[in-house]
Amino acid sequence: QVQLVESGGGLVQPGGSLRLSCKTSGIILSVFGPAVKGWYRQAPGKQRELVASISPGADTNYADSVRGRFAISVDNARKTVYLQMNNLLPEDTAVYYCNLKAPSTGDRWGQGTQVTVSS
């Protein structure tokens, strides 16, 4: 059973930083490596939106609202996906979800981690 567990969320002041982690389990490296990994977020009353994604070839894609502030990365040895978030803004407040897409696993989601940016 493939599982994704996010961590690293919390309360931070505007301008601060957080690093989210998404630890996967129940998946072998030969499946994890070629998968597309992504971070999404959902604010209250809004639809879930893509924040950042990374392809197996390490090509990255970012939402316009976070480009230059956020960075997605992968540690294949640990089968973990990270999202470094800098210069956080109140509008970044949301539940952040990790996502994994692979032919053999389909679309997998974590349970989410809350990020609140407030003074």
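Five of the seven residues of strand 4, which spans residues 36–42, are buried, so this strand is largely enclosed by the rest of the structure. The model described here is a predicted one, and its secondary structure amounts to one helix and eleven strands. The points below begin with the surroundings of strand 4 and then turn to the open sheet, the disulfide, the nonpolar core, the overall dimensions and a few individual residues.

**Strand 4 and its partners**

- Strand 4 pairs with strand 9 in the antiparallel sense, and this pairing runs over seven bridges; within it, Trp-39 has Cys-98 of strand 9 as its bridge partner.
- Strand 4 also pairs with strand 5, again in the antiparallel sense, over five bridges, and here the bridge partner of Gly-38 is Ser-53 in strand 5.
- Strand 4 and strand 5 together form a hairpin with six residues between them, and Gly-45, which sits in the turn, has a positive phi of about 80°.

**The open sheet**

- Four strands make up an open sheet with the order 1-3-8-7 and antiparallel pairing, in which strand 1 and strand 7 are the edge strands, each pairing on one side only.
- From one strand to the next, the twist of this sheet averages 15°.
- The antiparallel pairing of strand 1 with strand 3 extends over five bridges, and among the residues involved is Val-5, whose bridge partner in strand 3 is Lys-23.

**The disulfide**

- The structure has one disulfide, formed by Cys-22 and Cys-98, whose sulfur atoms lie 2.1 Å apart.
- Because Cys-22 belongs to strand 3 and Cys-98 to strand 9, the pair ties together parts that are 76 residues apart in sequence.
- The torsion about the S-S bond of Cys-22 and Cys-98 is about -85°, and the disulfide is therefore left-handed.
- Both ends of the bond are buried: Cys-22 has a relative accessible area of 0%, and Cys-98 has a relative accessible area of 1%.

**The nonpolar core**

- In soluble globular proteins, nonpolar side chains tend to be buried together.
- In this model the largest nonpolar core contains 31 residues, and those with the most contacts inside it are Trp-39, Val-51, Phe-70, Ile-72, Leu-83, Met-85 and Tyr-96.
- At least two residues of this core are supplied by each of several elements, including helix 1 (29–32), strand 3 (18–25), strand 5 (49–54), strand 7 (70–75), strand 8 (80–85) and strand 11 (113–117), while the largest share, five residues, comes from strand 9.
- Ile-72, when residues up to four places away in sequence are not counted, touches Lys-37, Gly-38, Trp-39, Ala-52, Ser-53, Ile-54, Thr-60, Tyr-62, Val-81, Tyr-82 and Leu-83.

**Overall dimensions and contacts**

- Read along the sequence, the elements of the chain follow the pattern β-β-β-α-β-β-β-β-β-β-β-β.
- For 119 residues, a compact globule would be expected to have a radius of gyration near 14 Å, and the value for the chain, 14 Å, agrees with this.
- Taken along the principal axes, the C-alpha atoms of the chain fill a box of roughly 45 × 25 × 25 Å.
- Buried residues account for 44% of the 119 residues in the chain.
- Of the contacts in the chain with a separation of 6 or more, 55% are between residues 24 or more positions apart.

**Individual residues at the start of the chain and in loops**

- Gln-1, in the segment before strand 1 (3–7), is exposed, with a relative accessible area of 76%.
- Leaving aside neighbours within four places in sequence, Gln-1 is in contact with Ser-25, Gly-26 and Arg-108; the C-alpha atoms of Gln-1 and Gly-26 are separated by 5.2 Å, although these residues are 25 residues apart along the chain.
- Most residues other than glycine have a negative phi.
- Ala-58, in the loop between strand 5 and strand 6 (60–62), nevertheless has a positive phi, near 75°.
- Asn-87 likewise has a positive phi, of about 50°, although it is not a glycine; Asn-87 lies in the loop between strand 8 and strand 9 and, at 42% relative accessibility, counts as partly exposed.

How values were computed. Residues are numbered from 1 along each chain as its sequence is written. This is a predicted model: local features need pLDDT of at least 70, side-chain atom pairs count only at pLDDT 80 or more; totals for chains, interfaces and linings use all residues. Side-chain values use heavy atoms; hydrogens and water are left out. A nonpolar core is a set of buried Ala, Val, Leu, Ile, Met, Phe, Trp, Tyr and Cys residues joined through side-chain atoms within 4.5 Å. Buried means under 20% relative accessible area, exposed over 50%, partly exposed in between (1.4 Å probe, protein chains only). Contact means heavy atoms within 4.5 Å. A disulfide is a pair of cysteine sulfur atoms within 2.5 Å. Two strands pair if DSSP finds at least two bridges between them. Axes are lines fitted to C-alpha atoms, for helices over the stretch in contact, and angles run from 0 to 180 degrees between N-to-C directions. The radius of gyration is taken over C-alpha atoms; the globule rule is 2.2 Å times the number of residues to the power 0.38.
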